[in-house]
Amino acid sequence: MSVLTLEGISQEFGGLRALDGVNMVVEEGEIFGIIGPNGAGKTTLFNIITGIYIPSEGDLIFKERRINRMTTHNIARLGIGRTFQNIRLFNKLSVLDNVRVGSHGISRSGFFKSLLGLPSMLREEKEIKSRAEELLELVGLYDKKMEYADNLAYGEQRRLEIARALALKPSLLLLDEPAAGMNSGEKVELMKLIEQIRQEMKLTILLVEHDMSLVMNICERIAVLDYGRKIAEGPPEEIKNDERVIQSYLGVGA
Amino acid sequence: MNGLDAAITQYIDPYYLRIMILLGINIILALGLNLITGVTGQLSMGHAGFMSIGAYTSAILSMQFGFSYLMALLAGAMVAAFFGFLIGIPTLRLEGDYLAMVTIGFAEIIRVFFLNFEPGGKAVGLSGIPQHTNFITVWLIALLIIALNTRLLKSRMGRAFYAIRENEIAAASTGIDTTRLKILAFTVGSFLGGLGGGLYSHYMYYINPQDFGFMKSIELLNMVILGGMGSIPGTILGSFILTLAPEMLRIVAEYRLLFYGALLVILMIFRPNGILGDVRIYDLKKRWGRKEVKTCQS
Ligand SMILES: Nc1ncnc2c1ncn2[C@@H]1O[C@H](COP(=O)(O)OP(=O)(O)O)[C@@H](O)[C@H]1O
Ligand SMILES: [Mg+2]
């Protein structure tokens, strides 16, 4: 079953056509890679899927539901989690609180419940906390749970973004260059982590990444964007040998 | 309760009692503004406008409509909250700091309105307001507000308010309806502004529109910034310093504007997050804990 379908998605910024009629079908449970040179429109595509931009043209379908005009928070509540290429943590909140906020979309306690401290609210708080701690264990940040997020090292911040996105219990996870700024050891760990969460949490993952060995290793299918157009799509082996992809992105000799 | 206050007066100089009462009122007002500006990150520069709505509404209700003290306070706060809600809806939808301009304008309109408002005594002001507010009532209410506020900020809602301040796009991506919660924070903050106003008018016996001008808004904003944006102990400390300083130091009272300006400059240099803005009980405990270990070893 397809989880996410893009039909002729275009996005204009002033005169610039950042995306130009992109079609894409992401199947349930797969890790789908999106590659392409800087400025190709990869991040813009994520921003459209998560409702930060409304596409100028085209349709966006998530689990048989059109979501083009939905707001960002409502899309999140449908179960689409994401991380950001330019890290967007809640800097002056603790690591633990960053992950706790992550579960906002799947928790209920409102203003008056919070004020009164009703039992149902306290129970929910406990759940939120223990789940956040589990996720911090998973990404190896449990020991730093009381640090301010902006005190973390770069690679740790990227992992914290993943933990926060997972707190939403998403069925579709969008990762925007999660390995950027990581050393090779961290990248190997990251690859394992992505495989593991896909398995354990039954996730479908959409991955934008520049590190080719990572992408070729863990993606089942890859789409290549260039100047807002999809120029190729297929399994890693095919992409590696595609003439146009080699010319525009991978470069001769890759 | 007035009996109790009289008893307290026997032990405490009435001058200090007055400062304590004003401090309690300022804490309530500043906690309201802290929720809007310190916690949720929406710059409001017209908090005194909501204070005046609460002050006049509750005073007129208890003088002319026979409302009981508590009912008058509550009604004043609700009317202020309603106005906060009304101007919050269009303003908080927009990106950028429109709120600062709109709130300055709003507070000014409210001030001019009361300058021409017959039942409020126009520019002469309103006098003969029953003096129901005393040390006990102010501090009972202040402690209740502090407790509720603390609980709120530690809850799911509180974390969402902070998240909006820290990064609105990331907040929305976790499922937070940022517009709705900004309006909520603004409404609750305005409620506290109105509540503080009601306590104030029922203490002062006499109010006039100049009590709630731009300077008062800036004074309240300074309490929040000085103590530490978003921190409840910080806001209380800021209220404490800025309530006492003008009383204790004549020179501060005379050069208020200069004093506030200088204070902000010094703050930006030495503690840009405010005195207690980034101090957590957790860190203090850790530091004390370490010291203990050291003394054990030596
Ligand atoms: N909000 C925006 N306003 C104007 N131009 C934008 C905006 N966001 C992205 N762009 C432009 O769209 C193009 C694609 O950007 P982006 O999606 O970030 O590329 P990628 O993530 O593939 O590197 C770039 O030329 C970029 O400058
Ligand atoms: Mg990008």
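The following questions and answers concern a predicted model and the local features computed from it.

Trainee: What bend does α2(B) show at B:Leu33?

Mentor: Helix α2 of chain B covers residues 14–39. Its 26 residues, at 1.5 Å a residue, should span 38 Å, and the end C-alpha atoms are 35 Å apart, which agrees. The bend at B:Leu33 is about 35°.

Trainee: How many of the 26 residues of α2(B) are buried?

Mentor: A residue counts as buried when its relative accessible area is under 20%. The helix is largely enclosed by the rest of the structure, because the number of its 26 residues that are buried is 21.

Trainee: Which residue caps the N-terminal end of α2(B)?

Mentor: The cap rests on a side-chain oxygen that lies 2.8 Å from the backbone nitrogen of B:Tyr15. After the helix comes B:Gly41, whose phi is positive, near 80°. The residue that caps the N-terminal end is B:Asp13.

Trainee: To which residue's backbone oxygen does the side chain of B:Ser52 reach?

Mentor: B:Ser52 is found in helix α3 of chain B, residues 47–64, and is buried, with a relative accessible area of 3%. Leaving aside neighbours within four places in sequence, B:Ser52 is in contact with B:Ile110, B:Phe114 and B:Phe212. The side chain of B:Ser52 reaches, at 2.8 Å, the backbone oxygen of B:Gly49.

Trainee: Which side chain of opposite charge is nearest to A:Arg82, and how far away is it?

Mentor: A:Arg82 is found in strand β6 of chain A, residues 80–82. This arginine is buried yet has no salt bridge. A salt bridge requires a side-chain nitrogen of Lys or Arg within 4 Å of a carboxyl oxygen of Asp or Glu. The nearest side chain of opposite charge belongs to A:Asp176, and the distance is 4.3 Å.

Trainee: Which residue's side chain is joined to that of A:Arg82 by a polar contact of 2.8 Å?

Mentor: A polar contact of 3.2 Å joins the side chains of A:Arg82 and A:Thr50. Not counting residues up to four places away in sequence, A:Arg82 touches residues including A:Phe46, A:Leu173 and, in chain B, B:Ser173. The polar contact of 2.8 Å is with the side chain of A:Asn47.

Trainee: How many salt bridges does a search of the whole structure find?

Mentor: Some of the salt bridges share partners, and these join A:Glu12, A:Arg17, A:Asp20, A:Glu57 and A:Arg229 into one network. Over all chains, the number of salt bridges found is 25.

Trainee: How far apart are the closest N and O atoms of A:Glu156 and A:Lys144?

Mentor: These two residues form a salt bridge. The pair links distant parts of the chain, with A:Glu156 in helix α6 and A:Lys144 in the loop between α5 and α6, twelve residues apart. A:Glu156 counts as buried at 14% relative accessibility, whereas A:Lys144 is partly exposed at 32%. The closest N and O atoms are separated by 3.0 Å.

Trainee: With which residue does A:Lys187 form a salt bridge?

Mentor: The closest N and O atoms of this salt bridge are 2.9 Å apart. It links A:Lys187 in helix α7 to a residue in the loop between β8 and α8, 24 residues apart. A:Lys187 is partly exposed, with a relative accessible area of 22%, while its partner is buried at 17%. That partner is A:Asp211.

Trainee: Which residue in strand β10 pairs with A:Arg221?

Mentor: The two form a salt bridge whose closest N and O atoms are 2.8 Å apart. A:Arg221 lies in strand β9, so the pair ties together parts that are twelve residues apart in sequence. The partner counts as partly exposed at 28% relative accessibility. It is A:Glu233.

Trainee: What is the phi of A:Glu64?

Mentor: A:Glu64 is found in the loop between β4 and β5 of chain A and is exposed, with a relative accessible area of 74%. Although A:Glu64 is not a glycine, its phi is positive, at about 70°.

Trainee: Is A:Tyr227 buried or exposed?

Mentor: A:Tyr227 lies in the loop between β9 and β10 of chain A. It is not a glycine, yet it has a positive phi of about 45°. Since exposed means over 50% relative accessible area, the 69% of A:Tyr227 makes this residue exposed.

Notes:
Residues numbered from 1 in each chain as written. Chains lettered and ligands numbered in written order. Heavy atoms only, no water. Helix = DSSP H or I, 4+ residues; strand = E, 2+ residues; numbered from the N terminus. Buried < 20%, exposed > 50% of the residue type's maximum accessible area, 1.4 Å probe, protein only. Polar contact = N/O pair within 3.5 Å; in protein donor to acceptor, adjacent residues only side chain to side chain. Contact = heavy atoms within 4.5 Å. Expected span 1.5 Å × (residues − 1). Bend = angle between axes of the 7 residues up to and from the residue. Lys, Arg positive; Asp, Glu negative; His and termini not counted.
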